[in-house]
Amino acid sequence: MAAPLAQASAGSPLSLLAPGGLWLLALLGPLVLLYILKIKRGRRRVPSTWLWAAAQRDLMARAPFRRLIAQLPLVLQVLAIALLALALARPASRGRAFTGDHVAIILDTSASMSAAARSPSGEATTRIELGKRLARDLLSGLTPGSDALILEAGRDARLVAALDRDLVRLKAAVDTVAAREVEGDLGAAVALAVDRLRQLGGARRIVVITDGNLARPAALRGVSLPLEVITVGAPVDNAAIVRVDVRSGSGAAGASAADAPRPDDREEVQAFLVVANLGAQPRDLYVTMRQDNASDVLSSRRVLVKPGERLPVVLTFRPSPGDYRKGLLFELSPRDAMPIDDVAYGRVPAGDRLPVFLASGGGGQGAPTGATASSGSPWLARALASDPMTSVTSGSLADLLGAPALDPDTFVVVDGACPPDVPGGDLLLVNPPPGRCFGTVVGPTIERPTLTSWDTADPRLRFLTLDGVHLRAASSLEPESATRALIRAQEGTVATDISTASRTGTLLGFDVGESDWPLKASFVLFVRNLLEQARAHRANGITGPARTGEPLRVSVPATARDLQAIGPAGERLDVAQRGGVAVIAETPRAGFYRLSWQGPQAGSVLVPANLTSVAESDLTPRPLVAEGGGEVAVSSASSEPDAHTEWTWLLALAALAFVVFDVWYFTRVPRQLQGHDSPVG
């Protein structure tokens, strides 16, 4: 492991850390001017003018200035101004040499670096500010001819400044670094630093500035270049919300959505939190829940969390129709050294009843072309209505396609048709007409196919069997790939997966009324599986994790256009759309992300993102593992010598001494001359 970077540098030259302070020397001009300007004296009667001859000649001169005389007050005042100017310029001699021809400085910008800390002088600050101050100090100690690069390590590595010898540019780059509300990973930043320095000659080294609270302590394993870790901040106790889950239900908390509701039950929003005490002392905390942009508390609990305990907390409230899909804030009070994890974010679910639209259209097996119907298959309607947590609407295909206020999460069932643009959420197509339908080619009719296999690993077919199910007729289906086949017969595939990135889709190539499947329990179980998937998608609305630092994927209608994304601080974010999925590349902050879009199904969605990381919230140091299980050489910033030894205080003290002597000189009592009656002064 590399030797410590801090080394004494005897006999180093003096440098000015703030040369702008020398502008104070401009005061010397007005000071000298005051001493050479003639003074307009008053008229006085005196017994004799012999002693005032020199003054009389000076008054008779026409020039406004007189010859400068080196008086003691002038000398004292010039010295005082010169010393004050030098003090403001911060003269310093080098106290540490930062050795290395090429140096990489890595700043940890994970969430724990935002924790409160104390500077060596005792002022309140944060760990990231201490780290930036140390980075600037290291840059000041660079030996002449050395260059450095700056990287920040959040969830991903980011190059802040490329290799440069200009200390002004490097320090300006350090000033732009800020702590992010993400779980950090130093490994990527160290790997990037090694890659940048590997091809260079001369002495190379890497310095990591961190608080030591690494989510992945083994990230420093196998580093091929000399590496040193300097820690900032002191261990502090912390409490945090480390898990959030918001659900909609009826009755007591913990009842499942599939439980049959009682007549006296009302819909209830249930928030399940886990509060962790990561300190050494018990914490008495208030846990509150309120809506975004509202001050009224919806629910609260007072809890006593023991050291090291992770306590589950349940908060509930009865929503009104206007509360659906609005943001929820969960807060711990009193706040502690790391406020980021004292707040978590959630969203009111869209309601406990899943909207279902059953549409019927012509063109399928046994239906003439162009035929329409006012309701779908009665077997489908019965299976859908058997779930007490659904709200089923039946209508024609025209009613479905022309519905202006259709809930975007509606589970849509189309019987006997395959419209190209189906609104709503998850989709079930039953007995579509021949032709291409959502990537599957619907082929000729198969008479009395024999079912041979089905994909039991697929969530739609779990816990059920199709043994003993007989079909009178079915269309032969050709899916885009063999992996999309769900149900197979000897004669070909009869059910396929037509899912897209934004919705789960299922295609049945037969009329369920022309089979004995509805008489089996597996049919109701199949429909329940589809509804449970649609309900889960409706509750989340997200196809990817809503966690800070990770990409955010949000399901949007395929017809959406003009997408806009707004971050927690009101900033506009770049958003990409593909295949019905809107993607925000990075979520660096915890809070609410708002997406809106235009088009036939215009709308918006609110997505909460949380830190919820025990590794980041634990502010106690952890050992850093090196290659072979050894310990990484770690030093504390408090034990590092300053890059420069400043002499500002000494010069300011000397200037003050000259000012005090000057004041004493002017205010002293003059002596009376011996042997003369008149004073001289």
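Student: Does Glu331 count as buried or exposed?
Tutor: Happily, this is quick to settle in our predicted model, where local features need pLDDT of at least 70, side-chain atom pairs count only at pLDDT 80 or more, and totals for chains, interfaces and linings use all residues. Residues are numbered from 1 along each chain as its sequence is written, and side-chain values use heavy atoms, with hydrogens and water left out. Buried means under 20% relative accessible area, exposed over 50%, and partly exposed in between (1.4 Å probe, protein chains only). Glu331 has a relative accessibility of 17%, so the residue counts as buried.

Student: Which residue forms a salt bridge with Glu331?
Tutor: A salt bridge is a side-chain nitrogen of Lys or Arg within 4 Å of a carboxyl oxygen of Asp or Glu. Here the closest N and O atoms of Glu331 and Arg290 are 3.0 Å apart. The pair links distant parts of the chain, 41 residues apart, with Glu331 in strand β15 and Arg290 in strand β12 (strands are DSSP runs of E, at least two residues; helices are runs of H or I, at least four; both are numbered from the N terminus). The partner of Glu331 is Arg290.

Student: How many residues apart in sequence are the parts tied together by Glu152 and Arg180?
Tutor: Glu152 is buried at 2% relative accessible area, whereas Arg180 is partly exposed at 23%. Their salt bridge brings the closest N and O atoms to 2.8 Å. Because Glu152 lies in strand β6 and Arg180 in the loop between α5 and α6, the parts tied together are apart in sequence by 28 residues.

Student: Within what arc do the buried residues of α6 fall?
Tutor: Helix α6 spans residues 186–198. Its buried residues are Leu186, Gly187, Ala189, Val190, Ala193, Val194 and Leu197. They line one face of the helix, because seen down the axis (using directions from the axis to the C-beta atoms) they fall within an arc of 165 degrees.

Student: Which residue touches Ser515 besides Leu471, not counting residues up to four places away in sequence?
Tutor: Ser515 sits in the loop between β27 and α9, and Ser515 is buried at 15% relative accessible area. Contact means heavy atoms within 4.5 Å. Beyond Leu471, Ser515 touches His470.

Student: Which strands are the edge strands of the open sheet β30-β29-β33-β34?
Tutor: Two strands pair if DSSP finds at least two bridges between them. Pairing in this four-stranded sheet is antiparallel. Each edge strand pairs on one side only, and these are β30 and β34.

Terms used:
Expected span 1.5 Å × (residues − 1).
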